[in-house]
Amino acid sequence: MNEKLFTVRLSADGAAVEILDQTLLPNTVKYLTLTKAEDIWEAIFKLRVRGAPAIGVCAGFGMYVLAQQITDEDYDVFLSELERAGEYLNSSRPTAVNLSFAVKRMVAVVHNHTGLVRSELLPLLYKECMDIYNEDRAMCRAISENGLSLVKSGDGILTHCNAGALAATEYGTGLGTLLLGKELGYDFKVYSDETRPLLQGARLTSFELYKAGIDVTLICDNSASLLMKQGKINACFVGCDRVAANGDTANKIGTRSVAINAKYHDIPFYVFCPSSTIDFDCKCGDDIIIEERSGDEIKTLFFETPVALPEVKCYNPAFDVTDAELITAIITEKGIARYPYTESLAELFR
Ligand code: MRU
């Protein structure tokens with residue numbers, strides 16, 4: 001991302017999580033310093049920090065911050081309070097597996113060091129949350145490099161939602177190949193779906209790519225199939241929030257429509273996925289919990305006056321699941337997996 005911005009980090013004294021408040025972008029750049037469990041929970045729930053990998057990194061840092069606030073030195077008390085904090089943070093959003101992945105890793109540190117006291121556990125927890133952060137940076141870099149083999153300079157790329165540095169660390173996942181490619185001299189023409197209802201494509205993706213000097217054009221979600229028919233799109237790039245063992249992929253609502261359109265027009269549809277987003281415990285997409293959010297996001301959030309009557313019902317699932325058969329390839333840090341994914345993902349990661 002723009003060098004001066006960061007998405008999420010641990011404060012210099014380690015006592016707070018610092019985040020860029022993404023709800024205010026692109027018009028206002030404001031950082032928040034979070035120390036209380038309720039504030040970290042709220043920041044994730046309200047999408048101040050969002051994108052599956054970034055949520056995971058935030059949860060890792062959050063667990064370390066909250067661990068320091070446990071005053072009891074006793075191992076059992078420390079473990080049960082940390083578990084409680086983890087359950088609480090984990091309840092903020094259900095779909096992105098990176099959240100529970102990070103929480104579980106932090107709790108596992110304590111489980112794996114039975115009998116140590118608080119002051120001995122804290123340095124281990126610090127190391128674990130920094131590992132989660134640094135591993136994410138390395139995965140994003142490797143995914144971005146692997147994706148370069150799928151594109152050439154001049155390609156038109158369609159994106160949905162935001163899977164850049166704002167959604168992860170450094171390059172991000174779905175936008176990483178574009179950001180790295182730009183540094184290496186590739187020219188892409190990117191079309192960013194606005195991504196109703198929270199407009200991550202408009203507010204975040206077009207902001208990030210424009211700041212990186214990439215040719216980006218914002219389109220309404222419902223324009224995508226026309227652009228495909230017009231021959232403007234050579235490939236679709238998206239991130240993911242949870243990938244089941246068979247490759248079914250949960251990502252921002254609307255992703256599945258993009259994939260179906262791409263299939264119809266014979267355009268490759270690529271999912272960029274760090275291993276922290278693969279959930280081998282989910283056999284298929286039916287096992288993935290889809291977050292449902294308030295109808296106010298559809299009716300009022302970005303409008304001066306409501307666009308529908310208060311009495312009108314809304315249904316606002318925040319994610320959908322793209323069937324594995326619609327996905328041309330899943331690009332991971334370990335390499336590129338192709339259908340059937342039950343075999344190809346297992347081969348890369350087991
Ligand atoms: O609701 P959000 O903004 O957290 O949803 C994010 C997405 O769907 C992203 O595309 C996904 O997390 C991949 S981020 C690298």
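K152 is exposed, with a relative accessible area of 52%, where exposed stands for over 50% relative accessible area, buried for under 20% and partly exposed for values in between, computed with a 1.4 Å probe on protein chains only. K152 forms a salt bridge with D155, and the closest N and O atoms of this pair are 2.8 Å apart; a salt bridge is defined here as a side-chain nitrogen of Lys or Arg within 4 Å of a carboxyl oxygen of Asp or Glu. D155, in turn, is buried, at a relative accessible area of 6%. The structure is a predicted model, in which local features need pLDDT of at least 70 and side-chain atom pairs count only at pLDDT 80 or more, while totals for chains, interfaces and linings use all residues. Residues are numbered from 1 along each chain as its sequence is written, and side-chain values use heavy atoms, with hydrogens and water left out.

By the rule given above, the count of salt bridges comes to 17. One of them joins the side chains of R105 and E128, with an N to O distance of 2.9 Å. Because R105 lies in helix α4 (residues 97-111) and E128 in helix α5 (residues 118-147), this pair ties together parts that are 23 residues apart in sequence; helices (H or I, at least four residues) and strands (E, at least two) are DSSP runs, numbered from the N terminus. R105 counts as buried at 18% relative accessibility, and E128 counts as buried at 17%. A further salt bridge is formed by the side chains of R293 and E291, at 2.6 Å from N to O, and both R293 and E291 are buried. In addition, D21, E42, K46 and R48 are linked in a network of salt bridges.

R48 also appears among the contacts of Q22, a residue in the loop between β2 (17-20) and β3 (31-34). Leaving aside neighbours within four places in sequence, Q22 is in contact with T7, L47, R48, V49, R50, L166, R203 and L204, contact meaning heavy atoms within 4.5 Å. The relative accessible area of Q22 is 0%, so that this residue is buried.

A charged residue without a salt bridge is found in strand β12 (residues 319-322), where D320 lies. D320 is buried, yet the nearest side chain of opposite charge, that of R256, is 6.5 Å away, with Lys and Arg counted as positive, Asp and Glu as negative, and His and the chain ends not counted. The side chain of D320 nevertheless reaches the backbone nitrogen of T255 at 3.5 Å, and a polar atom of the same side chain lies 3.3 Å from the backbone nitrogen of R256. Not counting residues up to four places away in sequence, D320 touches several residues, including T249, N251, K252 and G254.

The count of disulfides comes to zero, a disulfide being a pair of cysteine sulfur atoms within 2.5 Å. The sulfur of C273 is 3.7 Å from the closest cysteine sulfur, in C240, and is therefore too far away for a bond. For C161 the closest cysteine sulfur is also in C240, but at 11 Å, which is again too far. C273 is buried at a relative accessible area of 0%, and C161 is buried at 7%.

At the level of the whole chain, the domain assignment gives domain 1 (8-140) and domain 2 (142-348), with bounds that come from an automatic or database domain assignment. The contact between them takes 27 residues from domain 1 and 35 residues from domain 2, and the C-alpha centres of the two domains lie 25 Å apart.

Conventions:
A polar contact is a pair of N or O atoms within 3.5 Å; within protein, one must be able to donate a hydrogen and the other to accept it, and residues adjacent in sequence count only if both atoms are side-chain atoms.
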